Amino acid sequence: MPWLASKAWATSRPLLSSTPLPLPRHLHLAPPFLLDDYIPRYLLLSSVEASRKRSAAYAHLRNCNLCPRRCSVNRYETAGVCLIGAETAKVNVIAPHFGEEPCIQGHNGSGSVFFSGCSLRCVFCQNHDIAHQRNGFDATPEELAQWYLKLQDVGHVHNINLITPEHVVPQVVLSILHAKDFGLRLPIVYNTSAFDSLESLDLLNGLVDIYLPDFKVWTKASSKRLLKAEDYASAAMESIKAMHAQVGDLCFSPDGIAKKGLLVRHLVMPGKENEGQEIMQWLGDEISRDLFVNLMEQYRPDAYVGKPLRSSRASSRPASLEEATTNKPGAGPSSTTSARYSEINRTVTGHEIWSVRRAAEDAGIWRFCDPVRHDGFNL
């Protein structure tokens, strides 16, 4: 009899009362930041709103004001500081990317699109071969849309991650609207230096789900010397406020993948910890204490930092900060008496990183993208 057989099987098994089965594990997220379901914002646009976005995108290209430099050029005829025209965007790499925050890259990667060109000229840029040059291939908005769909349908990525897109916002807007019509359903990540204009962010409103700005430096002196944009900090403050007003604090689905909101990065730089502290204080006071922050520790001398001074410059003027020897803790082997930007020609110290983190906590910020502290995958 089936019942007897099952009874015999049950009695022949060892008793398990002393070793209870483990309870299922769940990812616990605070309810305000947990989404049961999420529909990307661009899927909620009406056809009328989409048409208005298209018209506005073309208008921006004819009188460019996409970044605070406000070149005001007709990009169908010439290019501004970014060196990019109107018909296409210059793209360097399109691929699933596993170098982002765990909540952005997930297990399948972030569908990253690295745009060539940039409105800034950061002397320490770790992507300077992409951002400072026009390396890559030209892609129309329609072709970009097809790439988004490939990333979604073939790569199974968690989002479309637009990296350094500030100078090609009209092309990006048109590409998202094209992809929407052909079945894109992933959140859009706008991965920016925060050197955006309010007009540009207004064009993106309703299309971007996650804003991922990097607030770099605080003072005008650092902005002018290291970014070649004296008004960077004021532009970043204005931009980040507008981004937060659009999407709010970072929210997740139950699997720990970010779906909407603002995530601010700050690359801690050698000797600039005071500026990082000011940035953290401003973020806590003016944006949100529930802001999600990534304090990045991976600064290294790159691009123009540590390169030898031109002999003509070195001989025509007295020694200055650029020529000074770097003897601070954390200084690397490339620190020399004739290095360019020698004040940042080293890695950061643990104390510098800790001091910025402490300032963020003192400002009331508590949501951090901390390094993984176990052998598993950090979500």
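**Figure 1. The whole chain holds 12 helices and 10 strands.** Helices (H or I, at least four residues) and strands (E, at least two) are DSSP runs, numbered from the N terminus. This is a predicted model, in which local features need pLDDT of at least 70 and side-chain atom pairs count only at pLDDT 80 or more, while totals for chains, interfaces and linings use all residues. Residues are numbered from 1 along each chain as its sequence is written, and side-chain values use heavy atoms, with hydrogens and water left out. Of the 379 residues in the protein chain, 52% are buried; buried means under 20% relative accessible area, exposed over 50%, and partly exposed in between (1.4 Å probe, protein chains only). The accessible surface comes to about 17,900 Å², with 54% of it belonging to carbon and sulfur atoms. Such areas come from the Shrake-Rupley method with a 1.4 Å probe, and for residues only the protein chains shown count as cover. Among contacts (heavy atoms within 4.5 Å) between residues at least 6 apart in sequence, 72% join residues at least 24 apart.

**Figure 2. Helix H9 covers residues 232–247.** How far should the 16 residues of H9 span at 1.5 Å a residue? The expected span is 1.5 Å times one less than the number of residues, so H9 should span 22 Å, and its end C-alpha atoms are indeed 22 Å apart. Look for the buried residues of H9, among them Tyr232, Ala236, Ile240 and Met243. The buried residues of H9 pack against strands E5 (188–192), E6 (210–213) and E8 (258–267), as well as helices H7 (198–204), H8 (220–227) and H10 (273–287). Just after H9 comes Gly248, whose phi is positive, near 75°.

**Figure 3. The largest nonpolar core has 89 residues.** A nonpolar core is a set of buried Ala, Val, Leu, Ile, Met, Phe, Trp, Tyr and Cys residues joined through side-chain atoms within 4.5 Å. Phe124, Tyr232 and Leu283 have the most contacts inside this core, and H9 gives the most to it, with eight residues. Leaving out residues up to four places away in sequence, Leu283 touches Ile240, Val264, Ser288, Leu291 and Ile365. A second, separate core of 11 residues includes Cys103, Leu212, Phe252 and Ala258. In soluble globular proteins, nonpolar side chains tend to be buried together.

**Figure 4. Helix H2 spans residues 47–62.** Its buried residues are Ala50, Lys53, Ala57, His60 and Leu61. Seen down the axis of H2, these fall within an arc of 95°, so they line one face of the helix; the arc is that of the directions from the helix axis to the C-beta atoms. On the other side of H2, Arg52 and Ser55 are exposed. The buried residues of H2 pack against helix H6 (169–181) and H7.

**Figure 5. Cys64 is in no disulfide.** A disulfide is a pair of cysteine sulfur atoms within 2.5 Å, and the structure holds zero of them. The nearest cysteine sulfur to that of Cys64 belongs to Cys82, 6.1 Å away. Cys64 counts as buried because its relative accessibility is 9%; Cys251 is buried too, at 8%.

**Figure 6. Ala359 sits in helix H12 (residues 350–362).** Is Ala359 buried or exposed? With a relative accessible area of 12%, Ala359 is buried. Ala359 touches Gln277 and Met280, not counting residues up to four places away in sequence. Ala359 and Gly284 are 75 residues apart in sequence and 9.7 Å apart in space, C-alpha to C-alpha.
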